[in-house]
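Colleague: Please take a close look at the disulfides. Where do the ends of each link sit, and what lies around them? Keep it short enough to read at the bench.

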Amino acid sequence: MLLWVSLLALASVSGQLATAPKPVISIQPPWTTAFQGESVLLTCNGVPINSPQETTWFYENQGSQTSSVTPGNTRVVQETGNYQCQHSGSSLSGSVHLIFSAASLILQAPLSVFEGDTMVLRCLRRPGSALKNTTMYKNQEAQAPLCDGSDLRVHGAMLRDNGWYHCKADKESCCSVVSNPVKIQVQELFPRPRLTASPSQPPEGSPVTLTCETQLPPQRSDVQLWFCFFREGQALGSGCSSSPELQIPAMWSEDAGSYWCQAQTVTLSVMKESLRSYIYVQRAIPSVQIHTRPPKESVFEGQELVLVCSVRGVPGPISVSWYKRPKLHLATEIPLSQETEFRISTVKSSDAGKYYCVANSIRSTEVTIHMKVPVSRPVLTRMPRGSRALEGDEMTLRCEAQRGSLPIQFRFFHEDALLKETTTVTSWRASSFHFSLTAEHSGNYYCTANNGLGPQRSAAVTLSVHVPVSRPVLTHMPRGSRALEGDEMTLRCEAQRGSLPIQFRFFHEDALLKETTVTSWRASSFHFSLTAEHSGNYYCTANNGLGPQRSAAVTLSVIVPASRPILTLRAPRAQALVGDTVELHCEAQTGSPPILYHFYHDGVTLRNSSAPSGGGVSFNLSLTAEHSGNYSCEADNGVGAQRSEVVTLSITGLTGSRGGHVTTGVTGVLLSLVGLAAVVLLFYYWLPGRAGGRPACDASSSSSHSDPQEPTYHNVPAWLEMQPVYSNVNPKEGDVVYSEVCRIQGRNKCAAGTTARLPEDKDSSVIYSQVKVTSTSGSRSQLSASSAPHR
């Protein structure tokens, strides 16, 4: 119970919950008692508008309290106890007590019984219980016996049907079985009505409203009630109706008396009367008053004028006379009439004056009629004139009516929206409105003039506000300041403001690219495919006739991918030798700078070099024997690397200094090979003799003979004719010594191990031998020699 007490306390202090509707629980089947194992569907009625579709349920039994939330407003239960529900934003419902019985005989009764209901009581035997002779009891007194499957029905339940009920049945074998007791409390369908009168003591001749007040319970809010009103035992109005109110147009002294009302159901099963209420009518002081239709302040030429003489508190018959000062004197006599009228069907200016009436020698006050002239149709003008104006200009609208009685109310409208309202009481039938123009002020304008008879509307005036074009914004897609050659580029020029049409122009380095005129959108686009020449500054202009506006410049850099580079090797002689300096030059013919070059020797990077302004790069390489092999280069400017064709470089010999050192290092080896050298010498001496006696080596071969123009190795097919004629044999298998052995005449000799030079005589023969020393387990030397082809 503590949980429910807390919720009730919260509901009492919360203003929202205090006024929220109280939900009501209904059950189906409509019985508060059922056998164990059966189910009852609970429905929480009275969901507030816009409330979430979920319900909080509270359950209590023998001090145990739980709560749960269900979607919707229903819940199926099978347990004995008390149930309550609550919606979000509502108060807590009343408690419903359900019993799920294990007995063999139960008495089922409805959840609530109201006056006029048909009350149904059901004695229910559990199937298979072998009970018979069922009897219903009220307050321990037996009622009529019940047949099998029959119910006790009480039609038109009244308060006298209250009491304790139970039923009894006989067992075939032994004794009687008594059901659970049920207390029936017939509730009042609605309380006794209360009659109220407003005003409670009306003056004579004034209207009165009678109200019959009562209220239905939430469980029976759908019951239709009828209401009847009575005075001194006589029905008022046209009889009973569904309205709880009755309007009496006028109460006179003879209408005073005792009043009451009656509320009843449509079926007349419940009928209740209010207490008697005496209504007093205050006697009026004799008075004669005059008023006009329309009101005296709004009488216009050509209209109908009605003068009404209202008489109060003057006993009849009444004679009414009308007067207009100074000449008009009209008299009419209307017996038993409390007011009379004097009509002027068409008012003219001559009808203006002072009027009064006399009823049975009682004179009314005077009414002065001033004739008003209806306002003419106004004319709307504007300054400066013309149908077009510029944004920011000062505009004056003037609304003028040529005739009409003052005061006149003027209103200014723009596209049916009220701009300004003025009332003039001067002799000038005109009004003005000043404002500064913006783009939103374009459209139709009109004004109205009204002096009480109804507004007169002017003809419409069209105004076009011309807005200078704003500074356009130039954008490009794809975005970014750099783009690739061949990409599709879109330039878009857009102005945020400006009257249409707008002419757009696109420029590249002040050269016009495109010109368009738009009439619906404040933007234009230009598409083209990028080339290297498209690098530079772009801008656009927008012009709608009030002067061009230029956008900020947009710089675009078109990146040209680097082309496949060409690798060129420049050597000091036709045949590259160890110790020579070779220049490697790599160049891409096209490509946006900067370009990064990579040089490779047999796939291994030799050097990286950058060309910030484009073009090629070079570097010098001092040759060693290890520099023989394949060379290539790569060009990369950030768009993609391109690699050159491979250039093969063969190094054919050693410099003089290098040869001397090497020869010294292998002197022992050469001495051990004297036999082999002798065989070679004999062969060379013998071969020239047979060929014509030309020497194999001339003294002049030791001198330097270089080509005055340096040879060039490059990666073109012509290089195939310039392959080096000297090459090492298996250069990677160990240290190598080249030895030149030649035949000389006279005192000239060529010693082994000297620097290899190209003989000037193309018929001379030179043999290079490769000597390789390899250590074995027997400390023996193996000798390997090969001859190089001669040039």
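Modeller: Here is a walk through three links, followed by the strands and loops around them.

First, the ground rules. This is a predicted model, in which local features need pLDDT of at least 70, side-chain atom pairs count only at pLDDT 80 or more, and totals for chains, interfaces and linings use all residues. Residues are numbered from 1 along each chain as its sequence is written, and side-chain values use heavy atoms, with hydrogens and water left out.

A disulfide is a covalent bond between the sulfur atoms of two cysteines. Here it is called when two cysteine sulfur atoms lie within 2.5 Å. That rule gives 8 disulfides.

Start with Cys 228 and Cys 240. Their sulfurs are 1.4 Å apart in the model, and the pair is joined as a disulfide. The angle about the S-S bond is 100°, so the link is right-handed. Cys 228 sits in strand β21 (residues 225-231), while Cys 240 sits in the loop between β22 (234-235) and β23 (245-248), so the link ties together parts 12 residues apart in sequence. Strands here are DSSP runs of E with at least two residues, numbered from the N terminus. The two ends differ in exposure. Cys 228 has 3% relative accessibility and counts as buried, whereas Cys 240 has 36% and counts as partly exposed. The cut-offs are under 20% relative accessible area for buried, over 50% for exposed, and in between for partly exposed (1.4 Å probe, protein chains only).

Next comes Cys 399 with Cys 447. This disulfide has an S to S distance of 2.0 Å. It is right-handed, with 75° about the S-S bond. The link reaches between distant parts of the chain: Cys 399 is in strand β37 and Cys 447 in strand β41 (residues 443-450), 48 residues apart. Both cysteines are buried.

Then Cys 493 with Cys 540. Their sulfur atoms are 2.0 Å apart and form a disulfide. This link is right-handed as well, at 75° about the S-S bond. Cys 493 lies in strand β46 and Cys 540 in strand β50 (residues 536-543), so parts 47 residues apart in sequence are tied together. Cys 493 is at 0% relative accessibility, so it counts as buried. Cys 540 is buried too, with a relative accessible area of 0%.

Now the loops that follow these strands. After β37 (394-400), which holds Cys 399, the loop to β38 (408-414) contains Pro 407. The peptide bond from Leu 406 to Pro 407 is cis, with omega near 0°. After β46 (488-494), which holds Cys 493, the loop to β47 (502-508) contains Pro 501. The bond from Leu 500 to Pro 501 is also cis, with omega near 0°.

Beyond β47 there is another backbone detail. Glu 509 lies in the loop between β47 and β48 (511-518). Its phi is positive, about 50°, although Glu 509 is not a glycine. At 45% relative accessibility, Glu 509 counts as partly exposed.

Aromatic rings add contacts here. Rings of Phe, Tyr and Trp (its six-membered ring) pair if their centres lie within 6.5 Å; planes under 30 degrees apart are stacked, over 60 edge-to-face, and the rest tilted. The structure holds 14 such pairs. One of them joins Phe 506 and Phe 526, with ring centres 5.8 Å apart and planes at 40°, so this pair is tilted. Phe 506 is in strand β47 and Phe 526 in strand β49 (residues 523-529), so the pair ties together parts 20 residues apart in sequence. Phe 506 and Phe 526 are both buried. Elsewhere, Phe 412, Phe 433, Phe 435 and Tyr 445 form one aromatic cluster.

Last, charges over rings. The test is NZ of Lys or CZ of Arg within 6 Å of the ring centre and within 35 degrees of the ring normal. Arg 457 lies over the face of Tyr 446, at 3.5 Å from the ring centre. Arg 643 lies over the face of Tyr 600, at 4.0 Å from the ring centre.

How values were computed: Helices (H or I, at least four residues) and strands (E, at least two) are DSSP runs, numbered from the N terminus.
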